[in-house]
Amino acid sequence: MKDFAALFTQIDQTTKTSVKTEALAAFFRKANDEDKLWCIALFSGRRPKRAVTTTQLREWAAERAEVPLWLLEESYPIVGDLAETIALLLPEGGETSNESLSFWVKELIALSQVDLDARKPRILAAWDRLDATERFLFNKLITGGFRVGVSQKLMTRALALATGQDEAVLALKLMGGWTPQTTSYHALIEADSPDADASRPYPFYLAHPLESAPDELAAPQDWQAEWKWDGIRGQLILRDGAQYLWSRGEELITDRFPEFARTVDFLPPGTVLDGEIVTWDGAAPMGFSTLQPRIGRKTVPKKLLKEAPVILLAYDLLEVGGEDLRDRPLHERRARLDTLLQDIPPEAAVRPSPVIRFEDWQSLADTRDTARAARAEGLMLKRLSSPYQIGRKKGDWWKWKLDPLTVDAVMIYAQQGHGRRAGLFTDFTFAVWKGNELVPFTKAYSGLTDAEFGQITTWVRKNTLERFGPVRRVSPEHVFEIAFEGIQASPRHKSGIALRFPRMARWRHDKPPQEANTLKDLQDMLALYG
Amino acid sequence: MADPLLTFTDRGIYCPRGDFYIDPWRPVDRAVITHGHSDHARPGHRAYLATHQALPVMRHRLGEITAQGLDYGETLDIGGVTVSLHPAGHIPGSAQVRVEHRGEVWVVSGDYKTTPDGLCEDFEPVQCQHFVTECTFGLPVFKWKPQAEVAGELNAWWAEQAAQGGFAMLGAYSLGKAQRLLHMLDPGIGPILTHGAVEATNEILRGQGYDLPMTEQVTPDMDVKSRTGALIIAPPSALGSQWARRFKGASTGFASGWMRLRGVRRRRSTDRGFVVSDHADWDGLLEAIKSTMAENIYPTHGYTDIFARYLNEIGYTARVVPTEFGGDEDDQETAA
Ligand SMILES: [Zn+2]
Ligand SMILES: [Zn+2]
C-alpha cells in the first residue's frame, strides 16, 4: 500500500495534470501486474464489494478513538469526507505494513465473505497497521466514491505513456463489464484488441464565446446559425458494424447510452457524426437536469431509460463511406449530413439539429431572444466555408449564449461549506419581498471570490440571529444579484418557483435590502420564460 | 450570590468591579490585551495593558497608544481586582489574563498552544474556577504532529527546491507564524528571504532578543537569480501577487492547522500544505482545561457549540460565549 499511498500523495499535492499523469505512469511502470490492475479498476470506478457498512465503520472508529459517536458525526460534515474523518480521528497504530494495494483490496474482499463478528477485529487490525494516508485510502476502498482528482481519461493517458499503446486503443480495452477478479493485467491491457482502430474518434472542434454582437463577423450570408443546445457534446462513430460514442472529454460512453445501439441499422458503416446528446420528449430537449442522472451511470435502469431517453442532435458530418470530410467546407458537410439523415426514422435516435435561416444580424438577435422557448442556451455561429478544425481554434465557430436572467435578492440564511470549503460560509438562501415579508426562493453556492467568501463569513459570524443546527439565520442586510439560466413553476417550493443553475453574480453593496426584487417580479419572469 | 467577576458584553469580556475589558472589540477606556493579533488588539482604546514583550509589536501595528507593560506573573491592582498575565505559548509576548477578587479567580486564555515551540514563552497552566478558552481547533480530528517532525518535512521540501536551483515560497502570517517557521528552518539549506511585512515584525522581535535566523528583505532591485535555492516567507496574500512573480517557478507552501484537512489543502491550491498551528489541538485544549482545575468553562471562538457539548458531557459546566475573535489572521483560514 506504501507505493499506492505515495502515488496518491503526489497526485493530491498537485493541480497540474501533467504531474499527475507522470506520477501515475511511473506507478504503472513499476508496480506488479495485480497492483496495476487494481489501480486501473479503482480509477475507472470499480471497487471491491462493500465489506462493512458505513454505520459499522463509524461506530468502530469512534470506539477506537475513544470519542462519543455524536462527536464523530459532528466532525464529519466539517471534514467533508467520512473516510478522511475516520483516518484523522484514529490514534496512531504503532505498527507498519509492507503489504501491497492488492493485498488490502483482497483482504476487504475476503472480509465480505466471513461472519459479521469476524470483520470488526480485522478492520481494527488493518487500521493499526496502516499510516494516516494508507488508512484514508483503505477507508476510501470501503466507502467507495474513489474520486481523487484522477479521471478515467487521465488514468488512460498515463497508461498509454507507460505502455506505449495508443490512448484510444486503451480506452476501448477498458470499456465493458470487467473486474480484476474476472481478468488479468495481461488479458486486459497487453493482449491485442482487434476493434481499436474502428473506434478511434476525431479530435473535437470547439467554439469560442462571442463577447459582443456578431456585427463584426461581417457578412451574415457567410455564416450558418444553429441553436446552441444544453446537453453533452458527442461523436457517434459507425464502423465495421459497431457503434461507438465519445464525449467531448474523449471518453468512450457507448455503454451509457444504449439508445444508439440501433443506429447501425439505419446508417451506413464508415459514418461519423458530431452533435449534442440531449434528453428528448419527442419534440424538444427536456432540459439538462433530466440528462444529469444519465451522465454518471455506467448501466442505465429501465425506468430512467424511459423517463429520460436521449437522442443525438447532429450538426456535423466528419466521415462518410469511410472518407474523412473534415477538410471540406461546412456548407458541403452540412448538405451531405442533411441528405444522410433525411429519411432516418425516429427509432434511430439521431436527428439533424436544424439550421436557422436569417437575413441580417438584427433578425438573428431577435431569434436568439427566443432561445429559451426553443429549450436552447443561445445560438451557434459557424463560418460556411470553414473546415472542421482541431481544438479551440478561434475564428470559425462561435457560441452566442443568452444573457442569464438576474434578480436582486436578500440573503437570509447561511451555512458552512464542507470539503474544499470547510470553515467558510458558502451556502446561502436568498429571499425576495412579498409585501413586508421576505420569501425564500433559491439557494446559491458559487460566484463569489475567495476574498468575498472570507468577508461574508466574518460578517455571518457577527450577525447571526438564530441557529438551526448548521443553518444560521442572519440579519437581512445584504443584497446579491442572482443570475440563473431558467425559471420553472415548482409547487414544492414556498415561493412556487425553481431556478436553473442559480449563482451569485454580484454582491450589491450599493443596494439596501428594501430595493431587492419582489415575488411578483419573479412571477412575471415565470410567465415570460417559464 | 454575588455578581460574577467577569461578564460578557457586546463590547467584549468585562470586569465591572475593576472597570476594564479584556480584548474588547469596540473602543473602551481600559483594555487588557492578550496578544498583538488584530482580532484581539484593536485600535481606539484609551489605555492598553499587555506584557512588555507584546507591546513593541502592538505599537508598530496600532501606532500611538497609551500603554502600560507588565512582566509575566507580575500583579497589578485595578479597582481592588488583582490582574496578572501568564504565558499563553501562542506567539511571542502572548498572555492569558488572570483576574482575582476575594478568592474568585477567572482566567481568559486569549489564543494559546500547550506545546513549546522554542521561540515564544512556554504555555503555563494557571489554576482558576472559571476558564474562558478559545477552541479554534476544538474537534478531535485536529491533532498536531511534533514540531520536529513538521520541521523535517518543511526543510526537506526546501532542500528539494534548492537542489533543483529553484525557490520555495512559504505563505505565513507576518506576526507569529512567520517567525515560528523561521525558527524551524535549517539556514544551512540556503538564503532566507522575506516580504517587507514579515521583515518589519522580525526586526522588532530581534530587537527584543527573540532568536531568529538571518533573513534578507526582498527589495525591488534585488538580483533574484543570485539567490536561487532561497526560501521566501511572505504573507499569504502576497503569494499569488505581482510581488511573488519574480520568483519564477517557485514551489509554494502554506503552513496552518487547517492544512490537516484535505479539502482545505486543496482549496488553497498551493503545492504543499504543512500542518503548523499556534493554537492548541484537541488534546492540547482538553489538557489545558484539565490543568486549570476549573469547573466552569467558557469556549469562545472556534467550534464552540460542539466543544461545549463535549465538555458538559465529560463533567464540566460549559457555556458558549459569543465573541468577535477569529475572522482574522492566525486562526482564520479564510482570511488568508
Ligand atoms: Zn492570535
Ligand atoms: Zn484569536
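Start by selecting L69(A): leaving aside residues up to four places away in sequence, the neighbours it touches are R58(A), E59(A) and A62(A). Keep in mind as you click around that this is a predicted model. L69(A) sits in helix α5 of chain A, which covers residues 69-79. Draw a distance from L69(A) to R58(A), C-alpha to C-alpha, and you should get 7.2 Å, for two residues that are 11 apart in sequence. Is L69(A) buried, exposed or partly exposed? Its relative accessible area is 34%, so it counts as partly exposed.

**Next stop: the cores of chain A**

Now select F4(A), L24(A), I123(A), W127(A) and F138(A). These are the residues that touch the most other members of the largest nonpolar core, a group of 107 residues. Colour helix α3 of chain A (residues 33-43) as well, since this helix supplies the largest share of that core, 7 residues.

Zoom in on F4(A) and show what surrounds it. Not counting residues up to four places away in sequence, F4(A) touches F27(A), C39(A), L42(A), F43(A), L101(A), L137(A) and F146(A). Then pick I277(A), L313(A), V350(A) and L402(A): they are among the 47 residues of a second, separate core.

**Two loops with an unusual backbone**

Stay in chain A and go to D240(A), in the loop between β3 (232-239) and β4 (242-247). Most residues other than glycine have a negative phi. D240(A), which is not a glycine, has a positive phi of about 50 degrees. Turn on the surface and you'll find D240(A) exposed, at 69% relative accessibility.

There is another case at R375(A), also not a glycine, with a positive phi of about 60 degrees. Look for R375(A) in the loop between α18 (361-369) and β10 (378-383) of chain A. R375(A) counts as partly exposed, at 40% relative accessibility.

**Over to chain B: the zinc site**

Select the zinc ion (ligand 1). Which protein atoms are its donors? They are NE2 of H35(B), ND1 of H37(B), NE2 of H90(B) and OD of D111(B), lying 2.2 Å from the ion. Along the chain these donors follow the spacing H-x1-H-x52-H-x20-D. The angles among the 4 donor atoms run from 91 to 167 degrees, and the site is irregular.

Add the zinc ion (ligand 2) to your selection: the two ions are 3.9 Å apart, and D111(B) coordinates both. Follow the backbone from H90(B) to D111(B) and you cover 21 residues, from the loop between β8 (81-87) and β9 (95-101) to the loop between β10 (104-108) and β11 (130-135) of chain B. H90(B) is buried, at 1% relative accessibility. D111(B) is buried too, with a relative accessible area of 0%.

**Last stop: a sheet in chain B**

Switch to cartoon view and find the open sheet of 6 strands, ordered β1-β2-β3-β4-β5-β6, with mixed pairing. At its edges stand β1 (7-8) and β6 (67-70), each with a single partner strand, so one side of each has no neighbour in the sheet.

Look closely at β1(B), which pairs with β2 (residues 13-15) of chain B in the antiparallel sense over 2 bridges. Here T7(B) stands opposite Y14(B) of β2(B). To finish, select helix α1 of chain B (residues 55-62), which lies across β5 (47-51) and β6 and runs at about 140 degrees to β5(B).

Methods:
Residues are numbered from 1 along each chain as its sequence is written. Chains are lettered from A and ligands numbered from 1 in the order in which they are written. This is a predicted model: local features need pLDDT of at least 70, side-chain atom pairs count only at pLDDT 80 or more; totals for chains, interfaces and linings use all residues. Side-chain values use heavy atoms; hydrogens and water are left out. A nonpolar core is a set of buried Ala, Val, Leu, Ile, Met, Phe, Trp, Tyr and Cys residues joined through side-chain atoms within 4.5 Å. Buried means under 20% relative accessible area, exposed over 50%, partly exposed in between (1.4 Å probe, protein chains only). Helices (H or I, at least four residues) and strands (E, at least two) are DSSP runs, numbered from the N terminus. Contact means heavy atoms within 4.5 Å. Donors are N, O and S atoms within 2.8 Å of the metal (3.2 Å for Na, K and Ca); water is not among the atoms, so sites may look incomplete. Four donors count as tetrahedral if all angles lie between 85 and 135 degrees; four count as square planar and six as octahedral if opposite donors are over 155 degrees apart and all others between 65 and 115; anything else is irregular. Two strands pair if DSSP finds at least two bridges between them. Axes are lines fitted to C-alpha atoms, for helices over the stretch in contact, and angles run from 0 to 180 degrees between N-to-C directions.
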